[in-house]
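This report is meant for someone meeting the structure for the first time. Please look over the sequence and the fold before reading on.

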Amino acid sequence: MTAARAYLRFPHIQGDQLTFVAENDVWLAGADGGQARRLTAEAVPVARPRLSPDGTLLAWMSRRHGEPEVYLVPVAGGTPRQLTFFGHRNTTLLGFGPDGRVLVASAGSQPFSTSSWAYAIDVTDGADPVPRRLPYGPVNSVAIGDPAVVVGTGYLRDPAHWKRYRGGTAGRLWLDAGGAGEFVELLAELAGPKTAPTWTGDRLAFLADFQGHGNVYSVAADGSQLRRHTDHDAFYARQLSGDGSRLVYQHAGQLWRLDSLEPDSAPRRLDLGLSGSRSLRAVAPVKVAEHLGDLAVDRTGRASAIEIRGNIVWLTHRNGPARPVASTPGVRHRLPAVLAGADDDGQPTVGYVSDTEGEDAIEIAGADGGVRRFGAGKLGRVLELVASPDGATLAAATHDGRLLRIATADGAITELEANPNGDPSHLAFSPDSRWLAYSAAESTGGELLRSIRMVELATGQITAVTSHRFRDTDPVFSLDGKYLAFLSARTFDPVYDSHTFDLAFPLAIRPYLVTLAAATPSPVDPELRGQGEEEPAGGSPTGG
């Protein structure tokens, strides 16, 4: 049997049984591998399945009701029973204790989300199912021996997600050798996180990366005789667990088993097969409303070009079908820009960005059904794309601070500006298609300042509309082209916070308007005789 073609996680071994997670379900197989059978049908994320010491019960974590909670079911089958109701995202299943109680850690009811306490839940028939808090203080993991107890603290994330982290929130191990509640730190001299403590015989196994990669280590009960048992140097060993005599862990999406902690021991990969259909690879309908991207509205307001999961479709606002404009398997089309509305046959002319050739390029789908492509390898990554009202020009903002003009007739690309401070944004054409307004970055580092600029397309001349003292964004021309409106964070009117003794600026951003010609009057200036007052017949109101 070859390795399972799935990503296997969260293994646990008990007796002749092995449980793990794949495809968001819990599976059960033999301790030596082989064909596995699916135990759950959650259709939601699940994690950390654990078998009871006698192998008759299985506990696991599920998000079927939102936040992770612990559930229990007989291995032989039955109705799952919810054990915890913490309603907190920092709830995790630690496993079964030697007495058969389920051990859980959660920050529920605690003032801080990083303060997880350990709880024990009696799952025997007729027992009180209320979680009882264990006297270990805030912990992330618990390994109960006879009589020694080891707890893990400070573990905020999987070391594989934070490789070679050496800060103050790395996982630490603490040993209570006599079970009397007096803990001392284990292996404080080893840098980096130490997680997943697991008793195996009279030795304590754990995961660490103080030698560069996450591997399995063990020490004697007093913290001496450090040994390394795995030699993974490409991916981290993760999610270590065991049944007191053997260990299992995940490495690169496959499960490995370690039968001994002797110096000459070596792990072996378990050969597993998954029975049943691959549920997460099945064809399923997609809700379009949950995958909408950018859109560009036709100038008539009757239809829009919309990006949906890498496809561009033309959608009329009242009736009619959604027509595909660009839909190629394996290719992402994005940032639609309408060049011309639909003709009599319902076919529009739309420009968009495509990665057909591996790099961003501009494509124009014409009303005749043909597609023209240009600019591949010359654009970088396009962040914004807008079309001029006359359809003759596209403007693009790229990831390297460039502002580009693209002629739709022949695909000629002209660089209008290259800004070392940051990327241009919020591109907007004037109604006559002669000017392009945008928000330009003015500084790097700290709070980024932005100003409004305009460029005359015929000459390339750039005009600063606002100074570089504020954060000005979202320029837009009035329909008659006489005014330019924009948003600006320039109102400094501090108010006191309702909960803390401090001042804040909650209303800093407001809309502003500038006139584009000296002779254009401001639409908000007061009139001599009042706004909208008509001249009386026969002379002025004063009789002059």
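What follows describes a hairpin, a sheet and a cavity in turn.

The model shown here is predicted. Towards the start of the chain, strand β1, spanning residues 9-14, is mostly covered, with five of its six residues buried. Its partner is strand β2, residues 17-22, which runs antiparallel to β1 and is joined to it by four bridges. Within this pairing, Arg9 stands opposite Val21 of β2. The two strands form a hairpin with two residues between them, and Gly15 in the turn has a positive phi of about 60°.

Further along, four strands make an open sheet in the order β9-β10-β11-β12, with antiparallel pairing. Because β9 (91-96) and β12 (132-138) stand at the edges and have a single partner strand each, one side of each is left without a neighbour in the sheet. From one strand to the next, the twist averages 25°. Inside the sheet, Val104 has Tyr119 in β11 as its bridge partner.

The table sets out two of the strand pairs.

| Strands | Residues | Sense | Bridges |
|---|---|---|---|
| β1 and β2 | 9-14 and 17-22 | antiparallel | four bridges |
| β10 and β11 | 102-106 and 117-121 | antiparallel | five bridges |

How many cavities of 30 Å³ or more does a search of the whole structure find? The search finds one, and the largest cavity holds about 60 Å³ of space. Its lining includes Tyr155, Arg157, Asp158, Trp162, Thr169 and Pro193. By kind, the lining residues of the largest cavity divide into seven nonpolar, two polar and two charged.

Definitions and conventions: Residues numbered from 1 in each chain as written. Predicted model: local features only at pLDDT ≥ 70, side-chain atom pairs only at ≥ 80, totals over all residues. Heavy atoms only, no water. Pairing = 2+ DSSP bridges. Axes fitted to C-alpha atoms, helices over the stretch in contact; angles between N-to-C directions. 1 Å grid on protein atoms, 1.4 Å probe; cavity = no way out; pocket = protein on both sides within 12 Å on 5 of 7 lines; lining within 4 Å. Points joined across faces, edges and corners; volume = space filled by probe spheres on them. Nonpolar A, V, L, I, M, F, W, Y, C, P; charged D, E, K, R; others polar. Buried < 20%, exposed > 50% of the residue type's maximum accessible area, 1.4 Å probe, protein only.
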